[in-house]
Every structure is written in structure tokens, then in C-alpha cells.
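Reader: I would like to go through the terms used for this structure and ask what each one rests on.

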Protein chains: 2
Amino acid sequence: MLAEPAAAMGIPLRLLAEAEGVSAAQVIVDHQVGDYKDLATLQHITEGCAVVTFDHEHVPTEHLHALESKLAVRPGPEALVYAQDKGLMRRRLGELGVPCPRNAMVASVDEVVAFGLPCVLKVTRGGYDGKGVWFVRDAADAAEAFELGAPVLAEELVEFRRELSAIVARSPSGQVAAYPVVQTTQTDGICTEVVAPAPDLADDLAREAERIAMTVVGELGVTGVMAVEMFETTDGRLLVNELAMRPHNTGHWTQDGAITSQFENHLRAVLDLPLGAPQARAAWTVMVNILPVDGAAPLYAGYRHALARDPRLRVHLYGKELRPGRKVGHVNAWGTDLDETLERARHAAAWFAGELGDESE
Amino acid sequence: MLAEPAAAMGIPLRLLAEAEGVSAAQVIVDHQVGDYKDLATLQHITEGCAVVTFDHEHVPTEHLHALESKLAVRPGPEALVYAQDKGLMRRRLGELGVPCPRNAMVASVDEVVAFGLPCVLKVTRGGYDGKGVWFVRDAADAAEAFELGAPVLAEELVEFRRELSAIVARSPSGQVAAYPVVQTTQTDGICTEVVAPAPDLADDLAREAERIAMTVVGELGVTGVMAVEMFETTDGRLLVNELAMRPHNTGHWTQDGAITSQFENHLRAVLDLPLGAPQARAAWTVMVNILPVDGAAPLYAGYRHALARDPRLRVHLYGKELRPGRKVGHVNAWGTDLDETLERARHAAAWFAGELGDESE
């Protein structure tokens with residue numbers, strides 16, 4: 001999705017793709033296939049580039065350090081490590097006084113029991129979309145988290161009203177643009193829906209969420225877009241859940257709902273260009289992910305229905321093969337009435353996902 | 001600029017490029033270099049495609065007919081011929097009762113004098129951006145138009161208040177979406193500025209402009225986006241100046257100013273998908289073209305200044321080599337105050353064009 005603003009702005013991109021035919025390789029002319037864990041590959045592909053950036057956090061830290069001698073790495077390894085390692089992230093945020101769920105590294109089931117049950121266990125590296133996360137009620141549940149042999153972080157089970165996300169972009173020269181704080185809905189650990197701005201969010205909590213994101217992005221020295229996912233607790237506090245140092249699913253609404261999209265601002269930020277305005281263009285913008293059900297028809301079939309029913313929608317499809325539960329696209333709708341906007345986006349996404357058919361209309 | 005909505009919608013494009021490195025080839029992965037005047041090339045590149053469309057009107061009509069036996073050609077040759085040949089266009093619009101400047105085919109200077117001086121002479125095929133057009137005051141002026149040996153159309157010199165453009169999209173199934181009528185400013189025959197909607201346009205003229213565009217697109221059976229450029233005469237009439245059957249410079253404002261851009265609606269139309277809403281998203285949107293002056297600095301240098309001065313702009317650069325007077329990009333600004341919006345877009349475009357420098361700030 002970076003390719004769209006890069007094309008508009010005339011900024012040439014070069015892509016290291018995991019495989020021929022992946023989403024980004026469909027739309028970036030100058031691409032090579034290779035392994036991001038191989039330093040020689042990284043050195044080869046970045047030759048002649050001014051800046052390197054990432055669409056995930058899994059490039060080995062030592063490779064990022066090696067690349068830094070040749071070109072700008074944004075975000076840099078000193079910052080990115082806090083998105084790569086949840087243990088380091090928790091320790092650093094604690095030092096900064098950023099409110100987090102109570103947490104501790106645990107090395108055994110006994111230590112989990114000592115930490116307190118029920119709780120959440122997470123592998124510190126490599127988890128995403130609910131993978132590498134366990135909701136643990138008793139000692140027997142806890143054993144599974146240690147089977148991988150990876151370091152495990154325990155966190156209190158937070159009682160929350162809802163989840164929020166605060167997205168900011170920061171340039172190397174220190175300019176920061178903060179998007180409106182949004183409400184996100186997760187189902188089975190996967191983001192399914194985002195409402196911008198978060199409905200009925202108290203002004204002081206909105207300011208606090210923005211302050212937390214500004215603190216984190218500045219203190220960790222992040223360049224580019226960063227998403228701070230938070231819990232709004234039932235007793236009215238904010239606790240940081242996760243950090244992502246890249247354009248994030250909870251910011252996809254900005255493509256059609258903000259003056260400058262998170263993707264354009266990520267480009268501007270990593271190129272150290274002045275950032276674009278992050279304000280919303282509509283009273284409400286809703287993003288709903290398309291997660292195909294088993295046996296869903298090819299996505300293209302959804303266009304005829306969804307676009308005829310609602311000519312004001314924007315649909316984003318990623319050119320991915322359909323698999324149940326895989327994010328293969330999203331729908332953005334905006335308007336002045338939240339309920340109507342929600343209904344429009346949800347209906348279209350459900351249609352593309354194969355949850356609706358001619359029968360149900 | 002079709003590549004951006006195609007990427008968003010997950011629609012695969014294949015491009016026949018005039019040369020390696022041209023704007024479209026920079027952003028469309030599946031491209032080949034070849035000559036659009038060669039039928040074998042056209043047949044080869046369209047193999048396996050569902051639809052073929054064009055970003056100019058110069059593909060030979062007989063080739064379009066040949067392609068039609070294999071795939072959908074949109075717009076089709078029966079329609080496109082009226083954008084290719086101004087003589088046929090004038091005759092057909094006359095038959096449809098669409099108001100045009102008084103006109104006649106002329107074969108000699110004597111016939112021009114008989115038509116009436118001053119007048120405008122145009123070659124019927126191949127002219128653009130002021131090329132192939134002569135403003136003729138006396139018999140001596142008229143001679144030049146006949147030097148090419150091409151058919152020449154004479155048109156009355158219209159006294160106009162301003163120029164307008166009505167853009168519509170039409171799908172093969174007959175759905176039409178009409179964009180707000182815009183005001184366009186031409187300098188030396190080249191569009192330099194567009195204001196959407198046209199300021200102070202009388203309601204009845206706006207409806208009349210839309211009615212004309214709807215008539216033309218329907219009666220000629222155009223599929224895809226069509227721009228109808230018109231004169232608003234000093235005595236308050238509308239006269240059709242030119243037709244373009246493709247996304248058009250006078251519709252570039254829609255990328256950031258309309259619910260659905262002309263490029264997305266062109267894709268939807270040629271694919272016979274339901275059209276997107278053409279309404280404006282802001283009270284005013286202004287598009288200003290970037291036309292470099294001699295010795296202008298590389299465009300990229302403009303970003304630092306233009307984006308810092310105005311974080312609400314969107315800049316579109318085409319990746320073209322700079323040549324004085326060549327359209328190499330455009331700036332879109334939108335807002336609630338027309339004068340301020342105009343100033344913002346003009347300033348940024350002038351900066352990119354090299355008309356401003358540090359001295360002038």
C-alpha cells in the first residue's frame with residue numbers, strides 16, 4: 001500500500017519480496033525475490049538506495065546495524081528492537097513511566113503461577129495476529145507456552161472496555177504527526193474493525209493516548225509510522241498493549257479518511273520530508289477487514305454487488321490468495337452518521353468475505 | 001495514474017509503453033515496450049486480457065476494429081473516432097443538436113476567407129495541447145495550416161467568459177456518473193489550472209453542461225471517462241470545444257477532491273462495474289499543473305519547501321524528465337475558502353516549476 005502514494009509522489013521504490021507474485025511484487029516494478037534474513041541479499045538490494053524501511057519487524061537486528069553503515073535505516077535498529085522483542089518493550093516502557101499491564105518475564109509454569117492466574121503469556125519475539133499468545137487460566141494451560149523454548153512474557157489479564165490505537169508518524173528531524181485515536185475491534189486476536197475517531201472517547205483520555213504515543217515515538221527514536229495499541233480499562237485508564245513500527249492495520253482508514261494517509265506519511269517520514277496533516281476528512285470513517293470464510297468466491301465477484309449497493313465506498317484488495325481468516329483486503333466507508341457508516345462498511349466486507357450471498361439479501 | 005486505483009482494487013494491469021522508463025512503465029509491473037500503431041504488437045499485448053483501454057486517442061481505428069474480435073475495446077472504435085477526428089466530431093455533434101462554434105471543413109485559404117476571418121483553424125487529427133491549432137486573422141496567417149496537407153477544420157473565434165469542462169463516466173451497461181462542472185484555465189493552449197466546482201456558474205448553465213455531456217457520452221456510445229471541454233460565451237451560452245475519451249487533465253482534481261477519482265471510475269467503467277460517486281468531498285478543490293521553467297531544479301527539491309509550508313496539499317509527480325512547458329506533475333488543494341485554496345495550490349505548483357526560489361520567499 002506504500003506503492004500508491006509512492007507512485008503519486010514520483011518516489012521510486014525497490015522491493016525485496018519473499019516470493020514472486022506476493023502483493024507488493026504485483027505493484028512495484030523494481031523488485032527482487034530473496035530472504036530478508038540473509039545479509040548479503042539485504043546489502044545487494046539496498047545498493048544505490050537512499051533509505052531502507054520495512055513492512056514487518058522481523059529483519060534481524062544485527063543485519064540492520066550492518067546496513068546502517070551504507071544507508072539510512074528507518075526505523076533504526078535501536079528503535080525497532082522494541083517492536084521486535086516484547087520483553088525489551090515492556091522494560092523500556094516501564095522505565096519511561098508509560099502505563100502498561102503488570103508484567104514479568106517467566107521461565108517456568110511455577111513462575112507463571114507465582115505471577116498470578118489468570119494471565120496472558122506471550123513469546124517475546126515473532127508473534128502476530130494472535131499467534132504466540134496464550135490466555136492462561138490454570139497451570140496446565142501455561143505449559144504450552146514453554147514448549148517452543150522461547151522466552152515468555154507474562155502479563156495481567158486486563159479488564160478492558162475496548163481497545164484503542166494511537167498512530168503517529170515521526171521524521172528523523174523530530175517532527176511528529178498524530179492521527180486521531182481510533183477504536184479497534186479484535187476477533188480471535190485479529191483486528192476486524194476500526195472506527196475513527198474512537199466514539200465517545202473522553203477528551204482527557206484522547207489527549208493521554210496521544211501523549212503516550214508521542215512519548216514512545218520520541219523516546220525510542222522511531223522514524224516512520226508507529227502504532228500504539230492500548231486498552232481502555234473498565235476503570236477508565238489506558239494501558240499500552242502492543243507497539244508496531246510501520247503502517248498498521250489500525251491506520252488503514254487513513255487512506256480514505258485522513259488528509260494524508262499513514263502510507264504517505266510513512267514515506268515522508270523515512271525520507272525526512274515534512275509530514276502531511278493527519279486530521280480526518282469526515283466525521284466518521286470505518287475500516288472493516290475482509291476475512292474470507294471457507295469456500296468464499298473470488299473477491300472480484302464482490303465488486304458488482306458491493307459497488308452497486310454503495311457508490312461511496314472504497315475497497316482495497318491485496319491480490320492475495322484466499323484462505324479462511326486471512327486478511328485479504330479491507331473496506332473504508334465514511335460519513336456523518338456512525339451507525340450508517342458502520343453498516344455500510346460491514347455489509348460490503350461481509351459480502352467480499354463470502355458471508356453473504358444472493359439468498360441473504 | 002490508473003495504476004493507483006488499480007493497485008488499491010487489486011485489478012491487474014498490463015501496459016504497452018512507448019519506451020522503457022516512461023511514467024506508466026515506472027509503476028506498472030507487467031509492461032512491454034512497443035508501437036501502438038502496429039497491429040501485431042496490439043494483438044500480442046492484449047492476449048489474455050479482458051478489456052483494453054487507452055490513455056490517448058491515437059491508436060488507428062482499423063486496429064481497434066481488429067482487436068474487437070478478441071476482447072472488449074473500451075471506448076470502442078465507433079465512439080473513439082469522434083475524439084480522433086475533429087471534423088467527424090463537429091458533424092456528429094451538429095446532428096445531435098449539441099451547441100458548437102460555427103464550423104466548416106476548409107480546403108484552401110480562399111475557403112477560409114469565405115468562412116470568415118478572424119477564425120480558428122485546426123487539423124482534424126493528431127493535434128493536442130495547442131499543437132495543430134492556429135488563430136488566424138488574415139489570409140496570410142491561414143496558409144500555414146495547409147502546409148501539412150492534412151484536412152483542416154475552420155471554427156468561429158468564440159468570445160468567451162471562460163472555459164468549462166464536464167467530465168462523465170459511462171459503463172457499457174449504460175450507467176453514467178457526472179462530475180461537478182469545473183472551470184479550466186488554458187495558457188498557450190495548455191491547461192494550467194482547474195477549479196471545482198466552476199465558481200459562480202449559473203444553475204441552469206451547470207445543468208445544461210451536464211446535459212450536453214450526458215447526451216454526447218450516450219449518443220456516441222462512449223465507455224469510460226469522457227471530458228467535454230466547453231466555452232461559456234460572453235453572452236451566456238455554452239459551446240462544445242473539444243472531446244476527450246479518457247481520464248483528462250481537467251479531472252485530475254478528482255484524485256483528492258471527489259469521492260471517486262476519474263481514474264477509478266474509468267477502470268470501473270471499462271470493466272462494466274458499478275460506478276463510484278462523483279461528488280466533491282470539499283467545498284473547493286483546485287488543481288494546478290506543474291510546468292517547469294527553463295533551468296528548473298529537479299522536482300524532488302520542491303518537496304521540502306512545499307510540504308512544510310502546506311501540510312494539507314497533495315502533490316502528484318509523473319516521473320518525467322523536465323522540459324520547459326511540459327506537464328510533469330500537478331498539485332491538488334482543497335478547502336472552504338476559494339481564494340486561499342487557489343493561493344496554496346498556485347504557490348506549490350510555482351515552487352515545483354522553478355518559478356520561485358529562496359530569494360522570492
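Author: The questions below concern a predicted model, and they take up its symmetry, its interface and one sheet.

Reader: What makes the relation between chain A and chain B that of a two-fold axis?

Author: A turn of 180° with a shift of 0.0 Å along the axis lays chain A on chain B, with an RMSD of 0.0 Å. That is the relation of a two-fold axis. Within chain A, the residue closest to the rotation axis is Val29(A), its C-alpha lying at 2.2 Å.

Reader: How do you know that the copies meet through the same surface?

Author: Of the interface residues of chain A, 100% are also interface residues in chain B, so the surface is the same. Chain A puts 30 residues into the contact, and chain B puts in 30 residues. On the side of chain A, α1 (3-9), α2 (23-27), α12 (300-309) and β16 (314-317) each supply at least two residues. The largest share, five residues, is that of α1(A). By type, this side of chain A has 19 nonpolar, six polar and five charged residues.

Reader: Why is the sheet β5-β8-β6-β7 of chain B called open?

Author: In chain B, β5 (103-106) and β7 (133-136) stand at the edges with a single partner strand each, so one side of each has no neighbour in the sheet.

Reader: What makes β5(B) and β8(B) a pair?

Author: Pairing requires at least two bridges between the strands. Four bridges join β5(B) to β8 (residues 152-156) of chain B, and the two run antiparallel; the requirement is met. Val106(B) stands opposite Val152(B) in β8(B).

Definitions and conventions:
Residues are numbered from 1 along each chain as its sequence is written. Chains are lettered from A and ligands numbered from 1 in the order in which they are written. This is a predicted model: local features need pLDDT of at least 70, side-chain atom pairs count only at pLDDT 80 or more; totals for chains, interfaces and linings use all residues. Copies are superposed by least squares on the C-alpha atoms of residues with pLDDT of at least 70 in both. Two residues are in contact if their C-beta atoms, placed from the backbone, lie within 7 Å. Ala, Val, Leu, Ile, Met, Phe, Trp, Tyr, Cys and Pro count as nonpolar, Asp, Glu, Lys and Arg as charged, and the others, Gly among them, as polar.
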